Amino acid sequence: MIAVRCMLMRGGTSKGAYFLASDLPADAAERNSLLLRVMGSPDPRQIDGIGGGHPLTSKVAVVGPSSRPDADVDYLFLQVAVDQHVVSDSQNCGNILAGVGPFAVERGLVESIDGQNEIRIHMVNSGGLATARFAMDGGTVTYEGDTEIAGVPGTAAPIAIEFADTAGSTCGALFPSGRVVDEVDGVAVSCIDNGMPVVLVAAADLGLSGTESPTELEADAELGERVSSIRRSAGKLMGFDDVSPLTVPKVTLVSTPASGGTLNTRTFIPVRCHTSIGVLGALTVAAAARISGTVAHRVSTSAGGPVRIEHPTGFFDCDIAIGTKPDGTTIIERSAVLRTARKLFDGITFAAPSR
């Protein structure tokens, strides 16, 4: 039986296993095989591993010394499928990212200091750079605090994350199709990538109010087929030949806000309905909400300040600044969020035998 050092952490509204890159096989195929056995996949309950039986709790962070001079650590995110023999590196995860800075301190990858620590993180999946700022006391990470984020019980210490060069992080352009709106499968969509490739669809165009629960949406087989079809077609506009083996693009249904926010959302990851919304997905939706003509902008309130995205378990605030180049091209001047994280256990995990 293979034993691997592991730290389980809650990062934002997700939960994942954090590993040092040096503790995992260097060969990607061997690494992925090991992680599937560690997490207990494929199995709907992940009963023989440490996964939680849901995409939000079947995530992995692989962290090591940075390969770039402008970053302190490298962070590779891996989505381990629950009921399939699949490990995907096709996207970032901003929630799991929230735990990377503290984990780097815990494992001695970066300097342990007093006061506020600032860790520059190279997001290997996209090549992007994020800076995490969090408090430390006596050389140890401060996890306790009074910051509350929707979807997580209680409070914790704040972790501020600012992203650089989010626009076109995966697809090469903020609007990969070259348009703010396209027609796909008979409905208007906005294909946008501000850290996460997302296909935005008005919930009303699919006969929905947008306030349905994730359980209700997942039980609608006809809706699931429609969302999958839109994702396949829109994916081609975004440069993906075949999205079937990928977790991107995400499809997000948008509607007018129900609780005083900027807009309301329901996100599919890619076929399960998210109980909240991912960090980078939220930044992408927030950017669209502030850009005239997009599907998201059409249902958004026009108030200034942070973009408050409503989701099934509360809200998510994004600090987004939009600018324009002299040629009229839209640019993203600032993308930032506030998250929390907490270590849950630190020790050794044991992989099931090869199946």
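## A proline in a loop

Pro-249 sits in the loop between helix 5 (221-237) and strand 13 (250-255). The peptide bond that leads from Val-248 into Pro-249 is cis. Its omega is near 0 degrees. All of this is read from a predicted model.

Where is Pro-270 found? Pro-270 belongs to the loop between strand 14 (263-268) and helix 6 (279-289). The peptide bond from Ile-269 to Pro-270 is also cis. Here omega is near -15 degrees.

## The whole protein

Now step back to the full chain. The protein has 7 helices and 18 strands. Its radius of gyration is 19 Å, and the globule rule gives 20 Å for 355 residues. The two values are close, so the protein is as compact as a globular protein of that length. Along its principal axes, the C-alpha trace spans about 50 × 45 × 35 Å.

How much of the protein is buried? Of the 355 residues, 54% count as buried. The protein exposes about 14400 Å². Carbon and sulfur atoms supply 49% of that area.

Contacts across the sequence come next. Take the contacts with a separation of 6 or more. Residues 24 or more positions apart account for 63% of them. Charges can be placed too. The protein has 28 positive and 39 negative charges. Their mean positions are 2 Å apart.

## Helix 6

Helix 6 follows the loop that holds Pro-270. Is helix 6 mostly covered or mostly open? Helix 6 is mostly covered, with 11 of its 11 residues buried. Among the buried residues are Val-279, Leu-280, Leu-283 and Val-285. Gly-281 and Thr-284 are on the list as well. So are several alanines, including Ala-282, Ala-286 and Ala-289.

## An aromatic pair

The count of aromatic pairs comes to 1. Its members are Tyr-18 and Phe-103. A pair of aromatic rings is described by the distance of the centres and the angle of the planes. In this pair the ring centres are 5.7 Å apart. The planes stand at 45 degrees, so the pair is tilted.

Which parts of the chain does the pair link? Tyr-18 lies in strand 2 (residues 14-20), and Phe-103 lies in helix 3 (residues 100-106). The two are 85 residues apart, so the pair links distant parts of the chain. Tyr-18 is buried, with a relative accessible area of 0%. Phe-103 is buried too, again with a relative accessible area of 0%.

## Val-141 and its contacts

Val-141 lies in strand 8 (residues 140-141). Its relative accessibility is 11%, and the cut-off for buried is under 20%, so Val-141 counts as buried.

What does Val-141 touch, leaving aside neighbours within four places in sequence? Val-141 is in contact with Pro-102, Val-105, Phe-134, Ala-135 and Met-136. Look at Val-105 in that list. Val-141 and Val-105 are 36 residues apart in sequence. Their C-alpha atoms are 7.4 Å apart in space.

## Pro-312 and its contacts

Pro-312 is in the loop between strand 15 (307-311) and strand 16 (314-324). Its relative accessible area is 26%, so Pro-312 is partly exposed.

Residues up to four places away in sequence are again left out. Pro-312 then touches Pro-214, Thr-265, Arg-266, His-274, Thr-275 and Ser-276. His-297 makes another point of reference. Pro-312 and His-297 are 15 residues apart along the chain. Their C-alpha atoms are separated by 20 Å.

## Two positive phi angles

Gln-46 is not a glycine, yet it has a positive phi of about 50 degrees. Gln-46 is in the loop between helix 1 (28-39) and strand 3 (59-65). Is Gln-46 buried or exposed? Its relative accessibility is 1%, so Gln-46 counts as buried.

Asp-165 is not a glycine either, and its phi is positive at about 55 degrees. Asp-165 lies in the loop between strand 9 (159-164) and strand 10 (182-184). Its relative accessibility is 71%, and the cut-off for exposed is over 50%, so Asp-165 counts as exposed.

Methods. Residues are numbered from 1 along each chain as its sequence is written. This is a predicted model: local features need pLDDT of at least 70, side-chain atom pairs count only at pLDDT 80 or more; totals for chains, interfaces and linings use all residues. Side-chain values use heavy atoms; hydrogens and water are left out. Helices (H or I, at least four residues) and strands (E, at least two) are DSSP runs, numbered from the N terminus. The radius of gyration is taken over C-alpha atoms; the globule rule is 2.2 Å times the number of residues to the power 0.38. Buried means under 20% relative accessible area, exposed over 50%, partly exposed in between (1.4 Å probe, protein chains only). Contact means heavy atoms within 4.5 Å. Accessible areas come from the Shrake-Rupley method with a 1.4 Å probe; for residues, only the protein chains shown count as cover. Lys and Arg count as positive and Asp and Glu as negative; His and the chain ends are not counted. The place of a charge is taken as NZ of Lys, CZ of Arg, CG of Asp or CD of Glu. Rings of Phe, Tyr and Trp (its six-membered ring) pair if their centres lie within 6.5 Å; planes under 30 degrees apart count as stacked, over 60 as edge-to-face and the rest as tilted.
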